[in-house]
Amino acid sequence: MTIRPIVISGEPVLHTRAQAVETIDDEIRTLVQDMYETQEAANGVGLAAPQVGVGLRIYTWSMENNDGVPTLGHVINPFVKASKPVAGEPDRDHESEGCLSVPGYSFPLRRGESAHVTGWDVDGNELDFTATGWFARCMQHEYDHLNGFLYVDRLGERWLKKARKAVKAEGWGVPGHTWMPGADRDPFGHDDDE
(Lines give C-alpha, C1' and ligand atoms only; values in the text may rest on other atoms or scores of the structure.)
Protein backbone atom coordinates (compact mmCIF):
# COMPACT_ATOMS: atom_id res chain seq x y z
CA MET A 1 0.00 0.00 0.00
CA THR A 2 1.09 3.54 -0.74
CA ILE A 3 0.18 6.87 0.80
CA ARG A 4 -0.74 9.20 -2.05
CA PRO A 5 -0.58 13.01 -2.15
CA ILE A 6 -3.91 14.78 -1.70
CA VAL A 7 -4.75 17.36 -4.33
CA ILE A 8 -6.04 20.77 -3.30
CA SER A 9 -8.89 22.94 -4.58
CA GLY A 10 -8.12 24.12 -8.09
CA GLU A 11 -6.90 20.77 -9.39
CA PRO A 12 -9.18 19.94 -12.37
CA VAL A 13 -9.91 16.37 -11.19
CA LEU A 14 -11.69 17.85 -8.14
CA HIS A 15 -13.98 19.95 -10.29
CA THR A 16 -14.91 17.31 -12.87
CA ARG A 17 -17.48 14.51 -12.64
CA ALA A 18 -15.62 11.23 -12.00
CA GLN A 19 -15.98 8.30 -14.39
CA ALA A 20 -17.68 5.04 -13.46
CA VAL A 21 -15.46 2.07 -12.68
CA GLU A 22 -15.93 -0.35 -15.59
CA THR A 23 -14.04 -3.35 -14.19
CA ILE A 24 -13.03 -4.16 -10.65
CA ASP A 25 -9.50 -5.46 -11.10
CA ASP A 26 -6.20 -5.49 -9.20
CA GLU A 27 -5.58 -1.84 -10.12
CA ILE A 28 -8.88 -0.84 -8.46
CA ARG A 29 -8.17 -3.04 -5.43
CA THR A 30 -4.75 -1.39 -5.05
CA LEU A 31 -6.32 2.06 -5.38
CA VAL A 32 -8.82 1.28 -2.59
CA GLN A 33 -6.02 0.00 -0.31
CA ASP A 34 -3.93 3.11 -1.07
CA MET A 35 -6.96 5.28 -0.28
CA TYR A 36 -7.39 3.56 3.09
CA GLU A 37 -3.69 4.13 3.83
CA THR A 38 -3.85 7.77 2.71
CA GLN A 39 -7.06 8.46 4.64
CA GLU A 40 -5.52 7.03 7.83
CA ALA A 41 -2.28 9.01 7.42
CA ALA A 42 -4.35 12.17 6.85
CA ASN A 43 -6.53 11.53 9.93
CA GLY A 44 -9.52 11.73 7.58
CA VAL A 45 -12.99 10.25 8.00
CA GLY A 46 -13.52 9.97 4.24
CA LEU A 47 -11.59 10.15 1.01
CA ALA A 48 -12.73 10.20 -2.61
CA ALA A 49 -10.58 8.96 -5.49
CA PRO A 50 -10.47 12.43 -7.11
CA GLN A 51 -8.75 13.69 -3.95
CA VAL A 52 -5.77 11.49 -4.77
CA GLY A 53 -5.89 12.60 -8.40
CA VAL A 54 -7.90 9.66 -9.79
CA GLY A 55 -11.11 10.57 -11.59
CA LEU A 56 -13.05 7.39 -10.71
CA ARG A 57 -16.26 6.90 -8.75
CA ILE A 58 -14.86 5.42 -5.54
CA TYR A 59 -14.73 6.67 -1.98
CA THR A 60 -13.66 5.29 1.38
CA TRP A 61 -14.61 6.08 4.95
CA SER A 62 -13.41 5.46 8.48
CA MET A 63 -16.19 6.53 10.78
CA GLU A 64 -18.07 4.98 13.66
CA ASN A 65 -21.79 5.04 13.12
CA ASN A 66 -25.07 3.81 14.59
CA ASP A 67 -26.28 2.38 11.30
CA GLY A 68 -24.84 -1.14 11.44
CA VAL A 69 -22.25 -0.28 8.78
CA PRO A 70 -18.59 -1.26 9.32
CA THR A 71 -16.45 1.61 10.62
CA LEU A 72 -13.98 1.17 7.76
CA GLY A 73 -15.43 0.81 4.29
CA HIS A 74 -15.51 1.79 0.65
CA VAL A 75 -18.00 1.99 -2.18
CA ILE A 76 -17.50 1.77 -5.93
CA ASN A 77 -19.92 3.48 -8.34
CA PRO A 78 -22.12 4.71 -5.50
CA PHE A 79 -25.47 6.38 -5.70
CA VAL A 80 -26.34 8.51 -2.67
CA LYS A 81 -29.81 9.94 -2.11
CA ALA A 82 -29.96 12.28 0.87
CA SER A 83 -32.91 13.62 2.77
CA LYS A 84 -33.59 17.32 2.33
CA PRO A 85 -31.69 19.54 4.78
CA VAL A 86 -33.71 21.41 7.37
CA ALA A 87 -34.26 25.03 6.32
CA GLY A 88 -32.28 27.78 8.01
CA GLU A 89 -28.72 28.79 8.68
CA PRO A 90 -26.28 26.05 9.73
CA ASP A 91 -24.98 26.10 13.29
CA ARG A 92 -21.33 27.22 13.27
CA ASP A 93 -20.43 25.06 16.28
CA HIS A 94 -22.29 21.87 15.35
CA GLU A 95 -22.55 21.80 11.55
CA SER A 96 -19.09 22.83 10.38
CA GLU A 97 -17.40 20.63 7.82
CA GLY A 98 -13.81 20.32 6.68
CA CYS A 99 -12.12 18.74 3.67
CA LEU A 100 -8.68 17.31 3.02
CA SER A 101 -8.70 19.15 -0.32
CA VAL A 102 -9.29 22.51 1.41
CA PRO A 103 -6.80 21.70 4.16
CA GLY A 104 -6.98 23.48 7.49
CA TYR A 105 -10.35 25.17 7.02
CA SER A 106 -13.90 24.37 8.09
CA PHE A 107 -17.15 26.16 7.40
CA PRO A 108 -20.78 25.62 8.45
CA LEU A 109 -22.94 23.65 6.04
CA ARG A 110 -26.33 22.08 6.59
CA ARG A 111 -26.87 18.63 5.07
CA GLY A 112 -29.62 16.03 5.08
CA GLU A 113 -29.85 13.98 8.28
CA SER A 114 -29.97 10.69 6.37
CA ALA A 115 -28.53 9.32 3.16
CA HIS A 116 -29.36 6.09 1.34
CA VAL A 117 -26.22 4.61 -0.22
CA THR A 118 -25.98 1.89 -2.87
CA GLY A 119 -22.98 0.62 -4.81
CA TRP A 120 -20.42 -2.20 -4.85
CA ASP A 121 -17.32 -3.30 -2.97
CA VAL A 122 -14.07 -4.62 -4.46
CA ASP A 123 -15.35 -8.20 -4.20
CA GLY A 124 -18.39 -7.39 -6.33
CA ASN A 125 -20.80 -7.46 -3.39
CA GLU A 126 -23.72 -5.06 -3.56
CA LEU A 127 -23.86 -2.42 -0.82
CA ASP A 128 -27.18 -0.95 0.31
CA PHE A 129 -27.51 0.99 3.56
CA THR A 130 -28.92 4.13 5.11
CA ALA A 131 -26.52 6.45 6.94
CA THR A 132 -27.67 8.90 9.60
CA GLY A 133 -26.25 11.88 11.44
CA TRP A 134 -22.56 12.64 10.87
CA PHE A 135 -22.12 9.42 8.93
CA ALA A 136 -24.78 10.67 6.50
CA ARG A 137 -22.87 13.94 6.23
CA CYS A 138 -19.71 12.01 5.35
CA MET A 139 -21.52 10.01 2.64
CA GLN A 140 -22.92 13.21 1.08
CA HIS A 141 -19.55 14.97 1.27
CA GLU A 142 -17.67 12.16 -0.46
CA TYR A 143 -20.40 11.68 -3.08
CA ASP A 144 -20.14 15.38 -3.92
CA HIS A 145 -16.46 14.81 -4.72
CA LEU A 146 -17.43 12.21 -7.31
CA ASN A 147 -19.72 14.75 -8.97
CA GLY A 148 -17.06 17.47 -9.18
CA PHE A 149 -18.08 19.49 -6.11
CA LEU A 150 -16.28 20.47 -2.94
CA TYR A 151 -18.31 21.20 0.18
CA VAL A 152 -17.33 24.87 -0.10
CA ASP A 153 -19.29 25.00 -3.38
CA ARG A 154 -22.47 24.39 -1.33
CA LEU A 155 -21.89 27.06 1.31
CA GLY A 156 -24.34 29.89 1.87
CA GLU A 157 -23.30 33.30 0.55
CA ARG A 158 -21.67 34.55 3.78
CA TRP A 159 -19.49 31.48 4.27
CA LEU A 160 -18.80 31.07 0.56
CA LYS A 161 -17.17 34.52 0.52
CA LYS A 162 -14.97 33.53 3.47
CA ALA A 163 -14.03 30.23 1.78
CA ARG A 164 -13.15 31.95 -1.49
CA LYS A 165 -11.05 34.49 0.40
CA ALA A 166 -9.19 31.67 2.21
CA VAL A 167 -8.54 29.77 -1.03
CA LYS A 168 -7.21 32.94 -2.67
CA ALA A 169 -5.02 33.79 0.34
CA GLU A 170 -3.45 30.30 0.21
CA GLY A 171 -2.74 30.64 -3.51
CA TRP A 172 -5.01 27.70 -4.32
CA GLY A 173 -7.70 27.61 -6.98
CA VAL A 174 -5.19 26.66 -9.66
CA PRO A 175 -3.66 23.27 -10.55
CA GLY A 176 -0.51 21.93 -8.95
CA HIS A 177 -1.14 22.10 -5.20
CA THR A 178 -0.94 18.99 -3.03
CA TRP A 179 -0.07 17.94 0.48
CA MET A 180 1.38 14.64 1.66
CA PRO A 181 -0.25 12.94 4.65
CA GLY A 182 2.27 11.59 7.11
CA ALA A 183 5.04 13.81 5.73
CA ASP A 184 3.56 17.32 5.77
CA ARG A 185 2.20 18.85 8.95
CA ASP A 186 -1.43 17.88 9.55
CA PRO A 187 -3.45 20.90 8.34
CA PHE A 188 -6.20 20.22 10.88
CA GLY A 189 -3.81 20.07 13.85
CA HIS A 190 -4.06 16.37 14.67
CA ASP A 191 -0.24 16.34 14.98
CA ASP A 192 -0.57 18.85 17.81
CA ASP A 193 -2.36 16.24 19.94
CA GLU A 194 0.63 13.89 19.98
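A: A pocket is an open set of grid points with protein on both sides within 12 Å along at least five of seven lines. The model here is predicted.

Q: How is empty space found, and what volume does the second largest pocket have?

A: Rolling a probe the size of a water molecule over the atoms shows where empty space is left. In this structure, the second largest pocket comes to about 240 Å³.

Q: Which residues lie nearest the centre of the second largest pocket?

A: Look for Ala82, Arg111, Gln140, Asp144 and Arg154. They belong to a lining of 14 residues. Strand S4 (72-82) and H2 each give two or more residues to that lining. H2 gives the most, with 3 residues.

Q: How does the lining of the second largest pocket divide by class?

A: Count 5 nonpolar, 4 polar and 5 charged residues.

Q: What is the volume of the largest pocket?

A: The largest pocket has about 340 Å³. Its lining holds 17 residues. Gly44, Val45, Gly46, Gly98 and Cys99 are the ones nearest the centre.

Q: Which elements each supply at least two residues of the lining of the largest pocket?

A: Find strand S5 (96-98) and helix H2 (133-146). Helix H2 contributes the most here, with 5 residues.

Q: How many residues of each class are in the lining of the largest pocket?

A: There are 7 nonpolar, 7 polar and 3 charged residues.

Q: Which element gives the most to the lining of each pocket?

A: For the largest pocket, pick H2. For the second largest pocket, pick H2 again.

Note on methods:
Residues numbered from 1 in each chain as written. Predicted model: local features only at pLDDT ≥ 70, side-chain atom pairs only at ≥ 80, totals over all residues. Heavy atoms only, no water. 1 Å grid on protein atoms, 1.4 Å probe; cavity = no way out; pocket = protein on both sides within 12 Å on 5 of 7 lines; lining within 4 Å. Points joined across faces, edges and corners; volume = space filled by probe spheres on them. Helix = DSSP H or I, 4+ residues; strand = E, 2+ residues; numbered from the N terminus. Nonpolar A, V, L, I, M, F, W, Y, C, P; charged D, E, K, R; others polar.
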